[in-house]
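Hi everyone, and thanks for making time for this. I'd like to walk you through a structure that is new to most of you, so please have a look at it first.

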Amino acid sequence: MALNKVECRRCGYKWVVSPDKKDARDLLCKSCRVKPARVVQKGEYRCEAWQGEVDSDLNPIDESGLVLPGVRVCGMKDCVNPKHIVVR
Ligand SMILES: [Zn+2]
Ligand SMILES: [Zn+2]
């Protein structure tokens, strides 16, 4: 049986999930998940607003740089819901 490994979108940490969790590829590891975020309903999207620092362009940043770089499909620049972020 193949192990279903997922990689954290933010820090690259890898861990194993149960094979029925198909959706888990876009997730963050536990330690990245504890970052402060506030759930905001934005239309059909359930966004998680970044509660930390932002740069001059309102992109979320932390001590190690840009948080979850990518395009926010929900249109909210400081959203940190990994399901709303498309990496090109
Ligand atoms: Zn992580
Ligand atoms: Zn969002």
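Let me start with a word I'll use a lot: two residues are in contact when they have heavy atoms within 4.5 Å of each other. With that in hand, take Cys8: leaving aside neighbours within four places in sequence, Cys8 is in contact with Tyr13, Trp15, Leu27, Leu28, Cys29 and Cys32.

Before I go further, some housekeeping. This is a predicted model, in which local features need pLDDT of at least 70 and side-chain atom pairs count only at pLDDT 80 or more, while totals for chains, interfaces and linings use all residues. Residues are numbered from 1 along each chain as its sequence is written, chains are lettered from A and ligands numbered from 1 in the order in which they are written, and side-chain values use heavy atoms, with hydrogens and water left out.

Now the overall picture. The protein chain has one helix and eight strands; these are DSSP runs numbered from the N terminus, with helices being H or I of at least four residues and strands being E of at least two. Along the sequence they come in the order β-β-α-β-β-β-β-β-β. Of the 88 residues, 28% count as buried, and buried here means under 20% relative accessible area, with exposed being over 50% and partly exposed in between, using a 1.4 Å probe and protein chains only.

Let's go to the beginning of the chain. Strand 1 (residues 4-7) and strand 2 (residues 14-17) run antiparallel and are joined by four bridges; strands pair if DSSP finds at least two bridges between them. One of the partnerships is Val6 with Trp15 in strand 2. Six residues sit between the strands of this hairpin, and Gly12 takes a positive phi near 85 degrees.

Cys8, which we met at the start, lies in the loop between strand 1 and strand 2. Cys8 counts as buried because its relative accessibility is 3%. Its C-alpha atom is 4.6 Å from that of Leu28, although the two residues are 20 apart along the chain. Cys29, one of the contacts of Cys8, is also buried, at 3%.

With these cysteines in view, how many disulfides are there? The count is zero, taking a disulfide as a pair of cysteine sulfur atoms within 2.5 Å.

So what holds the zinc ion (ligand 2)? Its protein donors are Cys47 (SG), Cys74 (SG), Cys79 (SG) and His84 (ND1), at 2.0 to 2.4 Å. Donors are N, O and S atoms within 2.8 Å of the metal (3.2 Å for Na, K and Ca), and water is not among the atoms, so sites may look incomplete. The spacing of these donor residues in sequence is C-x26-C-x4-C-x4-H. The arrangement is tetrahedral because the angles between the four donor atoms are 101 to 116 degrees, and the rule for four donors is that all angles lie between 85 and 135 degrees. Cys47 is buried at 0%, Cys79 is buried at 0%, and Cys74 is buried at 6%.

Last stop: Asn81, in the loop between strand 7 (71-72) and strand 8 (85-86). Asn81 is buried, at 8%. Not counting residues up to four places away in sequence, Asn81 touches Arg46 and Glu48. Thanks for listening!

Terms used:
Tetrahedral: all angles 85-135°; square planar, octahedral: opposite > 155°, others 65-115°.
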